[in-house]
Amino acid sequence: MELGGSIPANRFPRIAHPGPAPRSFVSAKRFTIAAGLCAAAIGAVFYINRDNSAVTTGVGEQRMLTLEDGSRIYLNTDTKLTVHFDKDRRLVRLAEGEALFDVAKNPRAPSLWM
C-alpha cells in the first residue's frame with residue numbers, strides 16, 4: 001500500500017524566479033546631482049544680482065532716492081528702476097516711468113562736459 005503516491009512533475013505550479021530588480025528611471029545618485037546643480041544655479045543668480053536693488057513708485061506716488069555716491073534720483077509716479085554699484089561704475093536702469101537725475105561729481109572720473 002502506497003500512502004503518498006507520486007504526483008507528476010507537470011502538476012506542480014511554476015514558480016517564477018525573480019530576476020534583477022528593475023532600475024528606476026532616475027537613480028538616487030542622478031537625482032542628487034541634478035538637485036545640487038539646480039541649487040548651484042539658483043545660488044549663482046542670487047550672487048550675481050546681490051548688489052542690484054529695484055526701486056518702484058506706485059501710481060500717484062513720488063519719491064526721492066539718494067545713492068551711495070551722493071547722487072539723487074527723483075522718481076515720478078509709476079516708475080521702476082534698478083541700481084547697481086561696483087568698484088568701477090554705477091549703473092542705473094530706468095525700466096519704466098520718469099526720473100530726474102542729480103548726479104554727484106566724481107573727482108576720479110573725467111567730466112564728459114566741457
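A residue counts as partly exposed when its relative accessible area falls between the buried limit, under 20%, and the exposed limit, over 50%. Met64 has a relative accessible area of 42%, so Met64 is partly exposed. The model is predicted.

**Met64 and its surroundings**

Met64 belongs to strand E2. Its contacts beyond four places in sequence are Arg72, Ile73 and Tyr74. Asn76 sits 12 residues from Met64 along the chain, and the two C-alpha atoms are 8.9 Å apart.

**The E2-E3 hairpin**

Strand E2 covers residues 63-66 and runs antiparallel to E3, with four bridges joining them. Leu65 stands opposite Ile73 of E3. Five residues separate the two strands of this hairpin. Gly70 lies in the turn, and its phi is positive, at about 95°.

Leu65 has a longer list of contacts. Beyond four places in sequence, Leu65 touches Val55, Ser71, Arg72, Ile73, Leu81 and Val83.

**One salt bridge**

How many salt bridges does a search of the whole structure find? The search finds one. The partners are Asp102 and Arg72, whose side chains meet at 2.8 Å, N to O. Asp102 lies in strand E6 (residues 99-102) and Arg72 in strand E3 (residues 72-75), so the pair ties together parts that are 30 residues apart in sequence. Side chains of opposite charge can pair when their charged atoms come close.

Are the two partners buried, exposed or partly exposed? Asp102 is partly exposed, at 33% relative accessible area. Arg72 is also partly exposed, with a relative accessibility of 33%.

**Nonpolar core**

The largest nonpolar core holds eight residues: Val55, Leu65, Leu67, Ile73, Leu75, Leu81, Val83 and Phe85. Two elements, E3 and strand E4 (80-85), give two or more residues to this core. Which element gives the most? E4 does, with three residues. In soluble globular proteins, nonpolar side chains tend to be buried together.

Two residues of the hairpin pairing, Leu65 and Ile73, stand opposite each other and both belong to this core. Val55, Leu81 and Val83 are core members, and Leu65 touches each of them.

**The three-stranded sheet**

An open sheet of three strands follows the order E1-E4-E5, and its pairing is antiparallel. Strand E1 (53-56) and strand E5 (90-96) stand at the edges. Each has a single partner strand, so one side of each is left without a neighbour in the sheet. Neighbouring strands of this sheet are turned by 20° against each other on average, direction ignored.

Six bridges join E4 to E5, and these strands run antiparallel. His84 stands opposite Leu91 in E5.

**Asp78 in a loop**

Asp78 is placed in the loop between E3 and E4. Its phi is near 55°, a positive value in a residue other than glycine. Most residues other than glycine have a negative phi. Asp78 is partly exposed, with 40% relative accessible area.

**Partly exposed residues in brief**

| Residue | Relative accessible area |
|---|---|
| Met64 | 42% |
| Asp78 | 40% |
| Asp102 | 33% |
| Arg72 | 33% |

Arg72 links several parts of this account. Arg72 is partly exposed, forms the salt bridge with Asp102, and is touched by Met64 and by Leu65.

Key: Residues are numbered from 1 along each chain as its sequence is written. This is a predicted model: local features need pLDDT of at least 70, side-chain atom pairs count only at pLDDT 80 or more; totals for chains, interfaces and linings use all residues. Side-chain values use heavy atoms; hydrogens and water are left out. A salt bridge is a side-chain nitrogen of Lys or Arg within 4 Å of a carboxyl oxygen of Asp or Glu. Buried means under 20% relative accessible area, exposed over 50%, partly exposed in between (1.4 Å probe, protein chains only). Two strands pair if DSSP finds at least two bridges between them. A nonpolar core is a set of buried Ala, Val, Leu, Ile, Met, Phe, Trp, Tyr and Cys residues joined through side-chain atoms within 4.5 Å. Contact means heavy atoms within 4.5 Å. Axes are lines fitted to C-alpha atoms, for helices over the stretch in contact, and angles run from 0 to 180 degrees between N-to-C directions.
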